[in-house]
Amino acid sequence: MTTVNTLISKHDNGLKFSTHFYSQSQLWKGDLDSIAFEQKAIKNKFLILTQPCYIVKVGGKIGVTNDGYLSPIKNGTTAEVELLTFVPPISIQQLGDPNFLSFHGVKYAYATGAMAAGIASEEMVIALGKAQILSSFGAGGLSLDRLEAAINRIQQALPQGPYAFNLIHSPSEPAIERRAVDLYLKYQVRTVEASAFLDLTPNIVYYRVAGLGLNDANQIEIKNKVIAKISRREVATKFLQPAPERILKELVEKGLITELQANIAAQVPMADDITVEADSGGHTDNRPLVCLLPSIISLRDEIQAKYQYETPIRVGVAGGIATPQSALAAFMMGAAYVVTGSINQSCVESGTSQYTKQLLAQADMTDVMMAPAADMFEMGVKLQVLKKGTLFPLRAQKLFELYKTYNSIEEIPTQEIEKLEKQIFRNSLEAVWQETTNYLSQRNPDKLLKATNNSKLKMALIFRWYLGLSSRWSNSGEKGREIDYQIWCGPAIGSFNDWVRDSDLFDPNNRRVVDVAHHIMTGAAFLYRIQSLKTQGLQASDDYNRYSPVISPNLLNND
């Protein structure tokens, strides 16, 4: 059996040091009064990230200091203070890819993802943008007038950025996707977060290529930045490669892009950043991050080797990022940046109701499940939602089962129709269809025309009435409909709630997106320091492995 000798501090402060790693070649010199031996004081020393951290032994006691300096050991020299190990200062900016910071003009390799229907609100984007943190506005499901108003407000508040806007794939309504692109080009929105894409569409290609050109030095200039959120290798491949020639040819023929832009497009990828989305809220494939991220990084490397892009595409992560531990794990696996989502929905700036924020703040990791998605209902696509405090996922699943079983509303048994009208719709299906007709006559008259001749489509549109409104009820706080709230959410919210349980952030009224971002990134840097010391032989009690989100003067100086 192999044994490792350990230096045990005579002072009970939870620190030990393995002599297996010990090789003394330098001395620590400094003021002995600066050395902390008590557990609380030691942890405060660890938390001062902007200064080095020296682990020393004095009279059999292991202590920690941020002060002093190192000096080479001279022959015959004995020291009163024995240096065990040390770590240099660490900046939050050292986490992730520094190119992400310079490219987007931000201070952290951290962003917040878009949550549709304005849940990722103007207030959220502006608050984070003013703190130099990238945030994506949740444009999905909003009217063009509402989207245009959001663009104007955000650009007025953040004339130099940073900010992004979501472009969500709309396979059943491509015209809506196109109109969003037209607005982004009109107002020179320079960064979009493309999500839920199953394939490249002429719309996302149009946005990307319309921003291509050559500068005065005849170098390629990319004005329209794309962050593609993906969870499958086949979709990632499309964004990692240049735009398809057939789509470029089509756009040139329509006069939307120039021949020069089409030629440049063959030399640049469709995306600047790929966000690997693991088990997240909303649209998700529930992929485990530890499997998905290495796979996509490997794929990126293969495609980079083929095309030799001047600037390699960065790969970040989303889905499950809720604590310093999860953020650090992502960075250690090679993520260029991290993206949070579900946890921001419970924050003050979120565009959802106070009732919903309270439900989210009480959720555990297991309080989520998959349910049919309104935007891709007929395709059987599902999204992840909160199940605690709402019957939406079960009722939505019931509607989808009826859709699969029957070809029209008329085929559904009378008893089932009565249950639907009483429990779910709280109205007659005829009245629901009339509301649907009024809505589609303004938004999508072509689909309305198809539904009049297709009973299966008509049934789907009636069912989508419930799925579509249920998320709006959650956002607006519709009284009497609480049991039907559709709340997009991943297991990350439960992990976040566990982490902040004993802090001020447990109350959703105290949750602010900038504070959350700061504590996750600061905590990740702190934990990196602790892990670095451990790899050098320090053995620390569990208390040193915990970072609590408590504002302190030390933390305020770590930016």
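**Salt bridges**

I counted the salt bridges in this predicted model, and the total came to 21.

I looked first at glutamate 173 and arginine 443, whose side chains meet in a salt bridge at 4.0 Å, N to O. Glutamate 173 lies in the loop between strand E10 (164–168) and helix H5 (174–186), and arginine 443 lies in helix H16 (residues 429–443). The pair links distant parts of the chain, 270 residues apart. Is glutamate 173 buried or exposed? I found a relative accessibility of 14% for glutamate 173, so this residue counts as buried. Arginine 443, at 25%, counts as partly exposed.

I then turned to helix H5, where aspartate 182 and arginine 178 form a salt bridge at 2.9 Å, N to O. The two residues are four apart in this helix, so about one helical turn separates them. I noted both as partly exposed, aspartate 182 at 31% relative accessibility and arginine 178 at 27%.

My third entry is the salt bridge of glutamate 378 with arginine 464, with the closest N and O atoms 3.4 Å apart. Here too distant parts of the chain are linked: glutamate 378 sits in the loop between strand E19 (368–372) and strand E20 (382–386), and arginine 464 in helix H18 (residues 455–476), 86 residues apart. Glutamate 378 is partly exposed at 27%, whereas arginine 464 is buried at 15%.

I also recorded a network of salt bridges that links Arg395, Arg426, Arg481 and Asp484.

**Charges over a ring**

I checked phenylalanine 103 for charged groups over its ring. The charged end of lysine 225 sits over this ring, 4.6 Å from its centre. Arginine 314 lies over the face of phenylalanine 103 as well, at 4.6 Å from the ring centre.

**Aromatic pairs**

How many aromatic pairs does the structure hold? I counted 21. In the pair of phenylalanine 100 and tyrosine 337, the ring centres are 4.5 Å apart and the planes stand at 15°, so the pair is stacked. Phenylalanine 100 belongs to helix H2 (residues 98–104), and tyrosine 337 to the loop between helix H11 (324–332) and strand E18 (338–340), so the pair ties together parts that are 237 residues apart in sequence. I found phenylalanine 100 buried, at 1% relative accessibility, and tyrosine 337 buried, also at 1%.

I next looked up phenylalanine 526 and tyrosine 547, whose pair is tilted, with 6.1 Å centre to centre and 45° between the planes. Phenylalanine 526 is in helix H20, and tyrosine 547 is in the loop between strand E21 (538–540) and helix H21 (553–556), 21 residues apart. Both residues are buried.

I noted one aromatic cluster, whose members include Phe377, Phe392, Tyr403, Phe425, Phe463 and Trp473.

**Nonpolar cores**

I closed with the cores. In soluble globular proteins, nonpolar side chains tend to be buried together. The largest nonpolar core here has 175 residues, and those with the most contacts inside it are Phe46, Tyr184, Ile204, Phe239, Phe425 and Phe463. Which helix gives the largest share of this core? I found that helix H20 (residues 513–535) does, with eleven residues.

I listed the contacts of phenylalanine 46, leaving out residues up to four places away in sequence; among them are Cys53, Ile55, Val64, Phe526, Ile530, Leu533 and Tyr544.

I found a second, separate core of eight residues, including Trp28, Val58, Val81 and Leu83.

Conventions
Residues are numbered from 1 along each chain as its sequence is written. This is a predicted model: local features need pLDDT of at least 70, side-chain atom pairs count only at pLDDT 80 or more; totals for chains, interfaces and linings use all residues. Side-chain values use heavy atoms; hydrogens and water are left out. A nonpolar core is a set of buried Ala, Val, Leu, Ile, Met, Phe, Trp, Tyr and Cys residues joined through side-chain atoms within 4.5 Å. Buried means under 20% relative accessible area, exposed over 50%, partly exposed in between (1.4 Å probe, protein chains only). Contact means heavy atoms within 4.5 Å. Rings of Phe, Tyr and Trp (its six-membered ring) pair if their centres lie within 6.5 Å; planes under 30 degrees apart count as stacked, over 60 as edge-to-face and the rest as tilted. A charge sits over a ring if NZ of Lys or CZ of Arg is within 6 Å of the ring centre and within 35 degrees of the ring normal.
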